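Open your viewer, get comfortable, and follow along one selection at a time. Each stop tells you what to pick and what you will find there.

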Amino acid sequence: MSPINVRLVIVTAPELGYAAEDNFMLNILASFAEFEREMIAGRIAESRARLKARGLRIAGAIPFGFETDQRTKQLLPKEEEACIVRWMFERAAKGETPAAIAEAANALGYRTKLQTGRRSGKQHGGNIWTARQVISTVRNPVYTGQFWDKGGARFGRHQSIVSSELFEDAAAQLLARRTRTPGKRYEIDWPLKGRIECARCSRPMTPHTIRHGNVIYRYYRCRSTAGGRAPCGRQVSAPAIENAVVENIAPRLSIHGQEAPIWDSIERVVYHYRTDGIRVSVTLPVQPEKETGSGNSPVSPVAES
């Protein structure tokens with residue numbers, strides 16, 4: 001692609017050319033612009049810190065159960081919604097599942113918060129409740145007079161909707177229903193991670209998962225944007241290609257006396273989506289030296305399957 005000529009024109013200043021004094025003027029203007037940007041960023045950070053220290057709301061969407069003061073923009077309980085919030089917390093504290101709470105809320109005609117965009121004037125929200133939205137509501141410390149913060153919850157000056165005891169009881173019931181340790185992710189093994197590439201574009205294929213219910217499906221997908229090119233999007237089932245590598249390579253490695261795990265010998269796997277075939281590069285173990293003193297160095301044969 002041929003280069004595009006770009007020229008800077010400042011409408012509030014005389015037209016600048018390419019002389020030394022013109023370049024000097026551009027550097028001064030750029031320095032002032034950077035200085036102003038950093039000053040604005042610093043003022044915003046200081047303003048946010050002051051609001052946090054005073055326990056005030058900074059920004060963000062208005063939580064269900066609250067409205068904002070027109071002058072201060074701080075949270076105020078909205079009683080018709082606050083009653084629904086208390087109702088959800090009480091049912092959660094009794095051990096009801098979020099799905100059951102959402103179903104009951106929808107049956108009673110309760111809907112999520114209806115908000116109007118300040119600039120566009122468009123309304124959004126007012127939908128039926130889901131189990132995930134119920135969980136998000138019951139876990140939100142804003143209803144106890146606090147705010148979410150990076151380090152956890154921070155003190156807020158707005159009026160609480162539920163008591164700390166009710167909040168903790170509901171949280172305990174949700175925690176008791178967990179099937180795994182909070183914060184711990186499922187460990188998924190990807191033996192070909194960093195070793196498999198797409199034959200079409202010669203770029204790496206990265207791990208990708210799709211969850212359907214309680215089942216996790218694993219894939220290797222070509223989604224790299226290296227070289228400024230769009231990814232080709234080809235993918236292959238991870239178990240299928242891993243099993244194909246084992247079935248085709250393991251017998252060949254055993255012939256050469258390979259006792260280490262097969263994945264330690266795999267160097268590269270190239271996936272051909274058109275033929276649904278693979279090309280595997282492996283490293284064979286070093287053979288012991290013969291009596292003549294000559295030895296065999298490691299080789300990387302290519303196995304087709």
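**Aromatic rings.** This is a predicted model, and a search of the whole structure finds 6 aromatic pairs in it. To see one of them, select Trp87 and Tyr110 and show their side chains: the two rings form an edge-to-face pair. Their centres are 5.5 Å apart, with 80° between the planes. Where in the chain do the two partners of this pair sit? Trp87 belongs to helix 2, while Tyr110 lies in the loop between helix 3 (98-107) and strand 3 (114-116). The pair links distant parts of the chain, as the two residues are 23 residues apart.

**Helix 2 against helix 4.** Stay with helix 2 by selecting residues 79-93, then add helix 4, residues 131-138. The two helices pack at an angle of about 95°, and their axes are 10 Å apart. Helix 2 and helix 4 are therefore roughly perpendicular to each other. Now show the side chains that make the contact: Met88, Phe89 and Ala92 from helix 2, and Val134, Thr137 and Val138 from helix 4. Sorted by class, this contact has 5 nonpolar residues, 1 polar residue and no charged ones.

**Helix 3 against helix 4.** Keep helix 4 on screen and bring in helix 3. How do these two helices cross? Their axes come within 8 Å and cross at roughly 105°. That makes helix 3 roughly perpendicular to helix 4. On the helix 3 side, select Pro98, Ala99, Ile101 and Ala102; on the helix 4 side, select Ala131, Val134 and Ile135. The residues of this contact divide into 7 nonpolar, no polar and no charged. You may recognise Val134, which also takes part in the contact with helix 2.

**Helix 1, end to end.** Next, select residues 20-53, which make up helix 1. Try your viewer's distance tool on the C-alpha atoms at its two ends: they are 50 Å apart. At 1.5 Å a residue, the 34 residues should span 50 Å, so the model agrees with what is expected. Then click on Gly55, which follows helix 1 and has a positive phi, near 75°.

**Colour by confidence.** For the last stop, colour the model by pLDDT. The protein averages 80, and 80% of the residues score at least 70. Which element has the highest confidence, and which the lowest? Helix 2 is highest, at a mean of 93, and strand 13 (residues 302-304) is lowest, at 44. Finally, select residues 290-305, where the pLDDT is below 50. Beyond near neighbours in sequence, this stretch has 31 contacts in the model.

How values were computed
Residues are numbered from 1 along each chain as its sequence is written. Side-chain values use heavy atoms; hydrogens and water are left out. Axes are lines fitted to C-alpha atoms, for helices over the stretch in contact, and angles run from 0 to 180 degrees between N-to-C directions. Helices (H or I, at least four residues) and strands (E, at least two) are DSSP runs, numbered from the N terminus. Angles under 35 degrees count as roughly parallel, over 145 as roughly antiparallel, 65 to 115 as roughly perpendicular and the rest as oblique. Contact means heavy atoms within 4.5 Å. Ala, Val, Leu, Ile, Met, Phe, Trp, Tyr, Cys and Pro count as nonpolar, Asp, Glu, Lys and Arg as charged, and the others, Gly among them, as polar. The expected span of a helix is 1.5 Å times one less than its number of residues. pLDDT is the predictor's confidence in each residue, from 0 to 100. Rings of Phe, Tyr and Trp (its six-membered ring) pair if their centres lie within 6.5 Å; planes under 30 degrees apart count as stacked, over 60 as edge-to-face and the rest as tilted.
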